Structure formats: structure tokens, C-alpha cells
Amino acid sequence: PWRRAVQSKEPVLNVPLRLGVPGHAERQLVMNCAPIADGGRVRGCLASFADVTELQERTERLRVALDELSASQREIERQNEELTLLATRDALTGIFNRRSLMQQADQRFGEAKANHTMISCIMCDIDHFKAVNDKYGHAGGDQVIQGAAKALQRGLRLNDFVGRYGGEEFCVMLPGGS
């Protein structure tokens with residue numbers, strides 16, 4: 001670095017160096033070199049060294065802590081998304097649960113009233129569902145409920161939504177008309 005400073009007649013700054021002394025921990029240094037000029041002619045070079053070992057170690061510890069904090073924040077966000085999903089969706093079908101269905105319906109009814117637009121609500125259930133459960137058991141009944149929910153979802157438009165109102169009862173909301 002001092003040769004470059006002398007040849008270029010410009011300072012060479014922040015050159016990282018490592019200094020190893022047997023029996024001691026390695027030290028990290030930063031070297032700065034500035035040419036010493038006399039009337040435009042370079043007579044020599046002033047080299048200064050700063051021991052930045054502690055600063056580098058603190059910086060590394062801070063970087064590790066920030067990485068851990070960032071990972072923790074991502075995990076919290078993932079868990080919050082999962083909690084939101086669990087709190088708003090029916091575990092069996094993945095559609096809105098009754099509480100979320102009612103919240104969405106209140107919101108959409110309010111919007112329809114404020115905007116003087118239509119909203120349709122379809123209540124439906126699975127006929128003779130008890131007979132399905134009696135004949136095929138609860139696992140079979142669950143499959144029927146899942147199939148019904150999927151069928152109802154397939155026909156929805158972008159702003160429409162469906163929710164599970166009760167056991168085998170569903171509510172389909174169609175903002176903007178039918």
C-alpha cells in the first residue's frame with residue numbers, strides 16, 4: 001500500500017491486514033498510507049495502523065444477533081399466518097369457519113347497504129347426512145362434507161365466499177347479485 005501511495009501520490013486508505021503473533025490471538029488491523037510530498041516530489045510515506053480486532057468481533061456478534069433476530073421474526077410471522085388461518089378457517093374443509101363467515105357477512109352486508117348494491121346469500125345443507133354417518137362412519141361423513149365444500153368453492157367468483165355454518169350446513173355469499 002505504501003508503494004501505491006508513493007507512486008500515485010494519493011492516500012491509500014482502509015487496507016485490511018491480519019497480524020499473527022505466535023502464542024497470541026490474531027489481530028485485525030487497518031492500514032492507511034499517505035504520501036509525504038515536498039513541492040510535488042514525494043519524499044516518503046506515512047503509514048498508520050489501527051487495531052480493529054475488537055470492533056470486528058463486536059460487528060460479527062452483532063451480525064449473528066441480527067441474523068438470529070431476523071430468523072425469529074420470520075418464524076413469528078409464519079406462526080401468526082398459521083394462527084390466522086386456524087382462527088378463520090374450518091379445520092376439515094379449509095373454508096371460512098362460522099365466526100369468520102359471520103364477520104365477512106357483516107362486512108359485506110354493510111358494504112352492500114352503503115353502496116346500494118345487491119348481495120345474495122345461499123344457505124344449503126347435505127340432505128340425509130345422518131344416514132351417511134350411520135352407514136359409512138364419521139370418516140365417510142367427513143369426506144362428504146369436504147367434497148361438498150370443494151364443489152361449492154369451484155363455482156365462486158372472485159368476491160364470492162363460502163363458509164361452514166354448522167355440521168353439514170354451508171352459507172354462500174354472492175356480493176353484487178346472484
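# A walk around a predicted model

Visitor: What pattern does the protein follow, read along the sequence?
Guide: This is a predicted model, and the protein has 4 helices and 6 strands to place in order. Reading along the sequence, you get α-β-β-β-α-α-β-α-β-β.

Visitor: Is the protein spread out or a compact globule?
Guide: Let's start with the rule: for 178 residues, the globule rule gives 16 Å. The radius of gyration here is 35 Å, well over that, so the protein is more spread out than a compact globule.

Visitor: What box do the C-alpha atoms fill?
Guide: Take the box along the principal axes of the protein. The C-alpha atoms then fill roughly 100 × 50 × 20 Å.

Visitor: What percentage of the residues count as buried?
Guide: For a residue to count as buried, its relative accessible area has to be under 20%. The protein has 178 residues, and the buried share of them is 25%.

Visitor: And how much area does the protein expose?
Guide: Carbon and sulfur atoms supply 54% of the exposed area. The total comes to about 12800 Å².

Visitor: How far apart do the centres of the positive and negative side chains lie?
Guide: Count the charges: there are 23 positive and 23 negative side chains. The centres of those two sets are separated by 8 Å.

Visitor: Where is confidence lowest, and where is it highest?
Guide: Overall, the mean pLDDT is 93, with 99% of residues at 70 or more. The low end is helix H1 (residues 2–8), at a mean of 91. The high end, at 96, is strand E5 (residues 161–164).

Visitor: Asn 14 has a positive phi; is the residue buried or exposed?
Guide: Most residues other than glycine have a negative phi. Asn 14 has a phi near 55°, and it is found in strand E1 (residues 12–19). To be called exposed, a residue needs over 50% relative accessible area. Asn 14 has 56%, so it is exposed.

Visitor: Where is His 116 placed?
Guide: His 116 is not a glycine, yet its phi is positive, at about 55°. Its relative accessibility is 75%, so His 116 counts as exposed. As for its place, that is the loop between helix H3 (98–115) and strand E4 (119–125).

Visitor: Which percentage of contacts join residues at least 24 apart?
Guide: Here you look at contacts between residues at least 6 apart in sequence. Among those, the share joining residues at least 24 apart is 44%.

Technical notes:
Residues are numbered from 1 along each chain as its sequence is written. This is a predicted model: local features need pLDDT of at least 70, side-chain atom pairs count only at pLDDT 80 or more; totals for chains, interfaces and linings use all residues. Side-chain values use heavy atoms; hydrogens and water are left out. Helices (H or I, at least four residues) and strands (E, at least two) are DSSP runs, numbered from the N terminus. The radius of gyration is taken over C-alpha atoms; the globule rule is 2.2 Å times the number of residues to the power 0.38. Buried means under 20% relative accessible area, exposed over 50%, partly exposed in between (1.4 Å probe, protein chains only). Contact means heavy atoms within 4.5 Å. Accessible areas come from the Shrake-Rupley method with a 1.4 Å probe; for residues, only the protein chains shown count as cover. Lys and Arg count as positive and Asp and Glu as negative; His and the chain ends are not counted. The place of a charge is taken as NZ of Lys, CZ of Arg, CG of Asp or CD of Glu. pLDDT is the predictor's confidence in each residue, from 0 to 100.
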